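Visitor: Could you take me through one part of this model up close, and then show me what else is worth a look around it? I'd like to follow along residue by residue.

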Amino acid sequence: MAVAADSNPALLSEDLSLNVPSANRTLRGEVADRAADLDVRLGAYPFWRPAGRSSQLGVTFEGSQSLYHQLKFLNLSDLRAVVHLAWGRTPLGYLSGPLGWTRVPNGTSSVAFLMQGGYTAHLLDGKSYLQVLTGSGAVRWRETRSMATQVDLEVRDLHFAEEPAAGRRSGQEARLGASQYLYLGREDRYLRVEALAGDRRAGRPFTGSLWRGGAELALPLTERWSLYLAGTRQKEDFNYPESDLFAHFSPFDPEFQPGVRGTPRRDTVTRAAAALSWSWEPVQVTARFTYISRDSSLGSTEAPNAFDYNRTITSLGLTWSF
């Protein structure tokens, strides 16, 4: 559980306002609010054999709920179920993939595999917003005691409960990522460098590709204190001029209007996070700061920076594991 201060939960530019009929109000850009978050994760490992060499089956169920103080219509609920099938051993006893981590036997394998399948339901203000079916695979090579390489493949099918007037957001997405781990004397102290490419197929305003690069540093400071730093820069390129949502669309055929005036949208998203945690099993206390910024080519003469935004989140959380 955590409490947080969010500078821009609606992800709006200061040049933009949003009419919210359900709340009977107009939301201006960069309106801040406070929030409480509750996350629960239950893991079951029916074929768990720490001393054996067989494959490991895991099933996890996760739920999260955000509760805003004033902007209650932005309350988000997430429910997810994931099946994990893993082969191999790792020194810390877990293996991570695109859908999270699962338990494996302690030890060292030159190659480890993880297959995952999951279903996620997102609810916004108590109403169905997005459903996602996901399949993924990960393979990790341990080249030396201090280095490892992991390749992840993720395929997602997204179904939005409501579609916008201009085009269809629902569709399929595939992502391929590669990470290089450098262990700094011990397994839980490492530097990870990541590169990822993705492709999304949906309606013409939302079809495009993405490229992302990033790095994270996990640094135990003492027996109980740990520092975590991470940063990514993501480039999103849309394929068609219909992605310019300020262009003029036909009300009869908005997605495939011939001769649409506009240029394909280009977004750059920068994220940075820092976390300091103190642990005393089974409790961990974490202070976290997150910064997110989007620089978009989408705009109009009246609001040239309409889709740019900045967001900071400061939180203090408590985790209890058993």
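**A close look around N75**

Guide: Start at N75, which, once residues up to four places away in sequence are set aside, touches Q65, S66, L67, Y68, L123, L124 and D125. Keep in mind that this is a predicted model. N75 itself sits in the loop that runs between β5 (56-68) and β6 (76-87). Is N75 buried or exposed? With a relative accessibility of 12%, N75 counts as buried, because the cut-off for buried is under 20%.

Now pick one of those contacts, D125, and hop over to it. D125 belongs to the loop between β9 (111-124) and β10 (127-144). D125 comes out as partly exposed, at 35% relative accessibility. Its backbone deserves a glance too: phi of D125 is near 55°, which is positive although the residue is not a glycine. As background, most residues other than glycine have a negative phi, and most peptide bonds are trans.

While we're on backbones, here are two other spots to click on. L11 also has a positive phi, near 55°, and is not a glycine either. You'll find L11 in the loop between β1 (2-6) and β2 (17-20), and its relative accessible area of 33% makes it partly exposed. The other spot is P282, where the peptide bond coming from E281 is cis, with omega near 10°. P282 lies in the loop between β16 (266-280) and β17 (283-296).

Next, the inside. How many cavities of 30 Å³ or more does the structure hold? There is 1, and the largest cavity encloses about 60 Å³ of space. Its lining is made up of R89, T90, P91, T108, S109, A112, R140, R142 and Y183. Sorted by class, that lining has 3 nonpolar, 3 polar and 3 charged residues.

Two of those lining residues lead somewhere else. Take Y183, part of the cavity lining, and look for its ring partner. The structure holds 6 aromatic pairs. In the pair Y181 and Y183, the ring centres are 6.1 Å apart and the planes meet at 10°, so the pair is stacked. Stacked, by the way, needs planes under 30 degrees apart. Y181 and Y183 are both buried, and together with Y190 they form one aromatic cluster.

The second is A112, also in the lining. Measure from A112 to R212 on your screen: they are 100 residues apart in sequence, and their C-alpha atoms are 24 Å apart in space. R212 is in strand β14 (residues 208-220). Leaving out neighbours within four places in sequence, R212 is in contact with R175, E194, A195, L196, T232, R233 and Q234.

Last, some arginines placed over rings. The charged end of R41 sits over the ring of W101, at 4.0 Å from the ring centre. R103, for its part, lies over the face of Y45, 5.5 Å from the centre of that ring.

To come back to where you started: N75 is the buried loop residue, and D125, which it touches, is partly exposed and carries that positive phi.

Note on methods:
Residues are numbered from 1 along each chain as its sequence is written. This is a predicted model: local features need pLDDT of at least 70, side-chain atom pairs count only at pLDDT 80 or more; totals for chains, interfaces and linings use all residues. Side-chain values use heavy atoms; hydrogens and water are left out. On a 1 Å grid over the protein atoms alone, a cavity is a set of points where a 1.4 Å probe fits but cannot get out, and a pocket is an open set with protein on both sides within 12 Å along at least five of seven lines; lining residues have an atom within 4 Å of a point. Grid points are joined across faces, edges and corners, and a volume is the space filled by probe spheres set on the points. Ala, Val, Leu, Ile, Met, Phe, Trp, Tyr, Cys and Pro count as nonpolar, Asp, Glu, Lys and Arg as charged, and the others, Gly among them, as polar. Rings of Phe, Tyr and Trp (its six-membered ring) pair if their centres lie within 6.5 Å; planes under 30 degrees apart count as stacked, over 60 as edge-to-face and the rest as tilted. Buried means under 20% relative accessible area, exposed over 50%, partly exposed in between (1.4 Å probe, protein chains only). A charge sits over a ring if NZ of Lys or CZ of Arg is within 6 Å of the ring centre and within 35 degrees of the ring normal. Helices (H or I, at least four residues) and strands (E, at least two) are DSSP runs, numbered from the N terminus. Contact means heavy atoms within 4.5 Å.
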